[in-house]
Amino acid sequence: PLSYALLPNFDGGVVNFALHGLGFTKSYWDVVIGDNYTYSFSEAAAARGEATFAYDRLGTGCSIRADGTYPDGIQELQLATHIAVANAMAQVARDELQPKNLVAVGHSYGSFTLLYLASALPQAIDHLVLTGFSADPESYSGRSAFALNLALANEAYPDKFAALDNTYLATGDLVADLTIFFSYPHYGADALQWSIENKGTIAYGSCVLGSLNALWAV
């Protein structure tokens, strides 16, 4: 089953339908370090009376098959699957919460997914916010791919991902996380450490097999 979290303080107006990027889980939207809520998107939204509906993309975090197994990271976890799931989950958010405005907020690959959803099914959402994203193909160079330093998740992080097969990848090390996700001096060491401890996987089919190249045509 898919795993999602609905954070409180909803006043009936805005629901932020939040979709994380590669290498993260739904926890990306609620980063709390000790008693520091500075990095939490959902806490900032709640202070404005807005709810945040965030879910683990299929194959990450707690979103697995009903029988407890993980989907095939190549055959099942390509872009089309993520778009279909996003559409279904957006409908869940509408049905359960009846918001006046459903605002889709994406980060990185989540932005790509929501952009395609909005293009194919504009009625699925009311507004669209894209972060960690550019429609300019020149901004996606081979250097970005190399910076990820992708490794087999089960080999690089056996304590966390030993149960996964070789269709799941992860950023290779701390340097990769620092290079691809952070910009000096606009972060704290605690945020970098959080990202390492809460690392998510990257399905091979989500980042290869033409998924990103197809997006450049949008």
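The paragraphs below go through a predicted model, from its overall make-up to its cores, a small sheet, a helix pair and some backbone details.

The protein has ten helices and eight strands. Of its 218 residues, 44% count as buried. Among the contacts with a separation of 6 or more, 71% are made by residues 24 or more positions apart.

The largest nonpolar core has 27 residues. Within that core, the residues with the most contacts are Phe17, Phe53, Tyr55, Leu102, Leu117 and Ile125. At least two core residues come from each of the strands β2 (14–19), β3 (51–55) and β4 (101–107), and from each of the helices α2 (79–97) and α3 (109–120). Helix α2 gives the most, with eight residues. A second core is separate from this one and holds nine residues, among them Leu58, Leu77, Phe161 and Ala170.

Ala170 leads to the sheet, since strand β7 spans residues 168–171. Strands of a sheet pair through backbone hydrogen bonds, either parallel or antiparallel. Here three strands form an open sheet in the order β6-β7-β8, and the pairing is antiparallel. Strands β6 (150–152) and β8 (202–203) are at the edges and have a single partner strand each, so one side of each is left without a neighbour in the sheet.

How many bridges join each pair of strands? Strands β6 and β7 are paired over three bridges, and β7 and β8 over two. The register can be read from individual residues. Leu169 of β7 stands opposite Leu152 on the β6 side and opposite Ile202 on the β8 side. Tyr168 has Ala203 of β8 opposite.

In a regular strand the side chains alternate between the two faces of the sheet. For β7, Tyr168 and Ala170 lie on one side, and Leu169 and Thr171 lie on the other. These four residues are all buried, and both faces of β7 are thus covered.

Ile202 gives a view of the sheet from β8, the strand in which it is placed. Is Ile202 buried or exposed? Its relative accessibility is 1%, and because the cut-off for buried is under 20%, Ile202 counts as buried. Leaving aside neighbours within four places in sequence, the contacts of Ile202 include Tyr168, Leu169 and Thr171. Thr167, Leu22, Gly23, Leu150 and Cys207 are also in contact with Ile202. Of these partners, Leu150 is 52 residues from Ile202 in sequence, and the two C-alpha atoms are 8.7 Å apart.

The next element pair is made of helices. Two packed helices are described by the angle between their axes and the distance between the axes. For helix α7 (residues 174–181) and helix α8 (residues 189–197), the angle is about 115° and the axes are 10 Å apart. Their crossing is right-handed. On the α7 side, the contact involves Leu174, Asp177 and Leu178, which meet Leu192, Ser195 and Ile196 of α8. By class, this contact has four nonpolar residues, one polar and one charged.

The loop between α7 and α8 contains Pro185. The peptide bond from Tyr184 to Pro185 is cis, with omega near 5°.

Two further backbone details concern the sign of phi. Which residues have a positive phi although they are not glycine? Gln98 has a phi of about 50°, and Asn149 likewise has a phi of about 50°. Gln98 lies in the loop between α2 and β4, and α2 and β4 are both elements that supply the largest core. Asn149 is in the loop between α4 (142–148) and β6, where β6 is an edge strand of the sheet described above.

Their accessibility places them in separate classes. Gln98 has a relative accessibility of 58% and so counts as exposed, the cut-off for that class being over 50%. Asn149, at 37%, counts as partly exposed, because this value falls between the limits of 20% for buried and 50% for exposed.

How values were computed: Residues are numbered from 1 along each chain as its sequence is written. This is a predicted model: local features need pLDDT of at least 70, side-chain atom pairs count only at pLDDT 80 or more; totals for chains, interfaces and linings use all residues. Side-chain values use heavy atoms; hydrogens and water are left out. Two strands pair if DSSP finds at least two bridges between them. A nonpolar core is a set of buried Ala, Val, Leu, Ile, Met, Phe, Trp, Tyr and Cys residues joined through side-chain atoms within 4.5 Å. Buried means under 20% relative accessible area, exposed over 50%, partly exposed in between (1.4 Å probe, protein chains only). Axes are lines fitted to C-alpha atoms, for helices over the stretch in contact, and angles run from 0 to 180 degrees between N-to-C directions. A crossing is left-handed if the near helix is turned anticlockwise from the far one by less than a right angle, and right-handed if clockwise. Contact means heavy atoms within 4.5 Å. Ala, Val, Leu, Ile, Met, Phe, Trp, Tyr, Cys and Pro count as nonpolar, Asp, Glu, Lys and Arg as charged, and the others, Gly among them, as polar.
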